[in-house]
Amino acid sequence: FRMAPEARALFPKDIHAQAAKLVEMLEVVVDGLDGLSELVPKLQHLGAMHKTYGALPEHYDLVGDVLLDTLADHVPQWDDTDRAAWGTLYAIAAETMIDAANALDVKTA
């Protein structure tokens with residue numbers, strides 16, 4: 001929240017449950033790489049849910065940057081190759097979620 005204090009209002013006061021959900025979703029994404037037909041609907045649902053919470057497309061870039069910086073700080077032997085791979089993975093997941101959120105706008109228009 002140091003990078004985007006305005007985003008703090010999107011989260012509950014006790015952030016621990018949200019942190020656990022993020023870790024759980026990262027596990028779902030990594031585990032789902034071999035089964036994209038099952039992963040994509042999960043990401044679409046998550047994107048739709050985030051839309052109802054007030055998440056905006058620009059929030060995804062910020063979260064991605066913070067996630068990659070956090071991984072770099074905590075994963076032993078993290079390097080540029082890891083950052084590129086995780087960055088690509090995150091970008092695909094975020095794009096899928098944003099597209100699902102945008103589809104909600106089309107349906108309600």
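Reader: What is the order of elements in the protein chain, from the N terminus on?
Author: From the N terminus on, the predicted model runs α-α-α-α. The tally for the protein chain is four helices and zero strands.

Reader: What makes the protein chain as compact as a globular protein of that length?
Author: Set two numbers side by side. The radius of gyration is 14 Å, and the globule rule gives 13 Å for 109 residues; those are close, so the protein chain counts as being as compact as a globular protein of that length. The C-alpha atoms fill a box of roughly 50 × 35 × 20 Å along the principal axes.

Reader: And how much of the protein chain counts as buried?
Author: Of its 109 residues, 23% do. The exposed surface comes to about 7,800 Å², with carbon and sulfur atoms supplying 60% of it.

Reader: What share of the contacts join residues at least 24 apart?
Author: If you take contacts between residues at least 6 apart in sequence, 55% join residues at least 24 apart.

Reader: Let's get to single residues. Why is threonine 96 called buried?
Author: Its relative accessible area is 17%, and buried means under 20%, so threonine 96 makes the cut. This residue is in helix α4. Leaving out residues up to four places away in sequence, threonine 96 touches Val40, Leu43 and Gln44.

Reader: Why does glutamine 44 count as partly exposed?
Author: Glutamine 44 has 38% relative accessibility. Buried stops under 20% and exposed starts over 50%, so glutamine 44 falls in between and is partly exposed. You'll find glutamine 44 in helix α2, residues 36-53. Apart from neighbours within four places in sequence, glutamine 44 is in contact with Thr96 and Ala100. As for leucine 71, 27 residues from glutamine 44 along the chain, the two C-alpha atoms are separated by 24 Å.

Reader: Why is histidine 59 called buried?
Author: Same test again: the relative accessible area of histidine 59 is 17%, and the limit is under 20%, so histidine 59 is buried. Histidine 59 is in helix α3. Not counting residues up to four places away in sequence, histidine 59 touches Leu10 and Gly54.

Reader: What makes leucine 10 partly exposed?
Author: Leucine 10 comes in at 31% relative accessibility. That is neither under 20% nor over 50%, so partly exposed is the label for leucine 10. Leucine 10 is found in the segment before α1 (16-31). With residues up to four places away in sequence set aside, leucine 10 touches Tyr53, Gly54, Ala55 and His59. Leucine 10 and isoleucine 98 are 88 residues apart in sequence, and their C-alpha atoms are 16 Å apart in space.

Reader: How do you know that aspartate 69 forms a salt bridge with arginine 83?
Author: By distance. The closest N and O atoms of the pair are 2.9 Å apart, and the cut-off is within 4 Å, so the pair qualifies. The structure holds one salt bridge. The pair links distant parts of the chain, with aspartate 69 in helix α3 (residues 57-74) and arginine 83 in helix α4 (residues 80-108), 14 residues apart.

Reader: Are those two partners buried or exposed, or something in between?
Author: In between. Aspartate 69 has 34% relative accessibility, so it counts as partly exposed. Arginine 83, with a relative accessible area of 30%, is partly exposed.

Reader: How far apart are the mean positions of the positive and negative charges?
Author: They are 10 Å apart, for 8 positive and 18 negative charges in the protein chain.

Reader: Why is glutamine 77 called exposed?
Author: Glutamine 77 has a relative accessible area of 78%; exposed means over 50%, so glutamine 77 is exposed. Glutamine 77 lies in the loop between α3 and α4.

Reader: What is phi of glutamine 77?
Author: Phi is near 60 degrees, a positive value in a residue other than glycine. Most residues other than glycine have a negative phi.

Reader: Last one: what makes proline 57 partly exposed?
Author: The value for proline 57 is 38% relative accessibility. With the limits at under 20% for buried and over 50% for exposed, proline 57 therefore counts as partly exposed. Proline 57 has its place in helix α3. Aspartate 79 is 22 residues from proline 57 along the chain, and their C-alpha atoms are separated by 27 Å.

Technical notes. Residues numbered from 1 in each chain as written. Predicted model: local features only at pLDDT ≥ 70, side-chain atom pairs only at ≥ 80, totals over all residues. Heavy atoms only, no water. Helix = DSSP H or I, 4+ residues; strand = E, 2+ residues; numbered from the N terminus. Buried < 20%, exposed > 50% of the residue type's maximum accessible area, 1.4 Å probe, protein only. Contact = heavy atoms within 4.5 Å. Rg over C-alpha atoms; globule rule 2.2 N^0.38 Å. Areas by Shrake-Rupley, 256 points an atom, 1.4 Å probe, with all protein chains shown as cover. Lys, Arg positive; Asp, Glu negative; His and termini not counted. Charge placed at Lys NZ, Arg CZ, Asp CG, Glu CD. Salt bridge = Lys/Arg side-chain N within 4 Å of Asp/Glu carboxyl O.
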